[in-house]
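Colleague: I am new to this model and would like a close look at just one part of its surface. Could you pick a spot and walk me through it slowly?

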Amino acid sequence: MNKVFRILALCAALVLALSCCVPSLAEAIDDAAVLVTYDGDGITAAEVKDALANLIANGYVTDETDYATAIDYLLQDRILQDKIAEMGLNEFTAEEEEALRADAESQWQQAIDTYVGYFLTEDTDEAREQAKKDAEAYYGAYGYNQEALFESLKNSAAYDKLEEKILEGKDYKPTEDEIRAVFEQYAAMDQEQYEDNVYMYEMYQAYYGAESWYKPEGYRGIIHILLSVDEGLLSAYQEAQAAFEDSVTDETPDGDDALKAARDEAHDAVLASRKAEIDDIYARLAEGEDFAALVSEYGEDPGMTDAAQLAAGYEVHQDSVIWDPVFTAGAFSEKMQQPGDTSDPVIGSYGIHILHYLRDIPGGIVELTDEISAEIEQYLENQSMNSIYAEALEGWKSEHEIVYDYDAIALLNAQAAAEEEAVTESEAE
């Protein structure tokens, strides 16, 4: 997943400043109220609300009261449509239209097939025909049909032509120095955020899919052999372990002796259930066999069947929060002092683990690889294009008479904020 870089939408984001006072809510804003006029043509509150709903549905906006962005979106669309018409970019040859119609037909059929495949309950000709009718009715209720799709594709093609015109003769290729400067900037930001903070590093990498150009010190590459265990035996051990841990208090730091004995007995029962395999693994390791080969022969962790993962190992830190705590403790146990070491068997949530200390993983700022360079290059090119778009749009905007009704816009914002607050209060009750 790309870092923080995202390709901005065509001509994205002119910020609308609405710093006027908020009027009274005594009169609610009507959907027919005109918020902005564009060359004398009004843009109503209803249009703005619909635009905002569309932006939210497509993930461009998350704030359900961000009417300023919705207004900008509508204005940009009108400006661009006018420019497209002025330049004749919405005119297509017969061959171009034929290709667009074929594309629309293909996409429409794919949409119908997807619906039918999901909702079809009986694979008969009659049921399939009914499902197709249901699909057309479903999409039609939202204003979608093959002709609408064709018009949408034509519109997109016109925008593509406009993009080509805007960028004509304005090729930009980032230099190596520019790429490195961006890399160093974001790598330094990653270091500031994650240095000495393994918890945040792992949360962002594992759960949010973030990419980091800095890795905290202290990670190891760990591979392991996982042996499954009878669920009853494993559950009994886990319950005995939990009971013993609960008995450890300030008054009884060593815990209850009887509970400790029960825990140890359950522990030994788990290991005894796979004793033959465990003994064989350690005997073969003592004879010099390769641990990775034994993983392939004995291991039951699907993650270890991936050749790249097996070669690199799982990245484990003594402060890791994404692994079973027993697995982490085993990776940094007394027997795991240097690469090549193997742990004693440990019992975790998924069974018995025999861990192998494969390698130390370098910490610090990562290497500027070709892949990262390509990512940054794309980002800089997009940034340049967005700047060109914004400059062109600003110039075209000045050609039109745009008048904002700031009072009406502020009233709409205040009304939305009040409604949001009412919903919050209702949910709190």
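Modeller: Let's start at Y208, which is exposed because its relative accessible area is 56% (buried means under 20%, exposed over 50%, and partly exposed in between, with a 1.4 Å probe and protein chains only). Bear in mind that this is a predicted model, where local features need pLDDT of at least 70, side-chain atom pairs count only at pLDDT 80 or more, and totals for chains, interfaces and linings use all residues. Residues are numbered from 1 along each chain as its sequence is written, and side-chain values use heavy atoms, leaving out hydrogens and water.

Y208 sits in the loop between α7 and β3, the latter covering 214-215 (helices are DSSP runs of H or I with at least four residues, strands runs of E with at least two, numbered from the N terminus). Helix α7 itself spans residues 198-207, and A206 belongs to it. At 45% relative accessibility, A206 is therefore partly exposed.

Now look across from the helix: the C-alpha atom of A206 is 7.6 Å from that of I322, although 116 residues separate them along the chain. I322 also shares a nonpolar surface patch with Y208; its other members are Y199, Y204, Y207 and V321, and the patch covers about 630 Å². (Such a patch joins Val, Leu, Ile, Met, Phe, Trp or Tyr side chains within 5 Å, from residues with over 30% relative accessible area and no salt bridge, that is, no Lys or Arg side-chain nitrogen within 4 Å of an Asp or Glu carboxyl oxygen; areas are Shrake-Rupley values with a 1.4 Å probe.)

Note on methods. Patches are made of residues with over 30% relative accessible area and no salt bridge: like charges are joined within 9 Å, nonpolar side chains (Val, Leu, Ile, Met, Phe, Trp, Tyr) within 5 Å.
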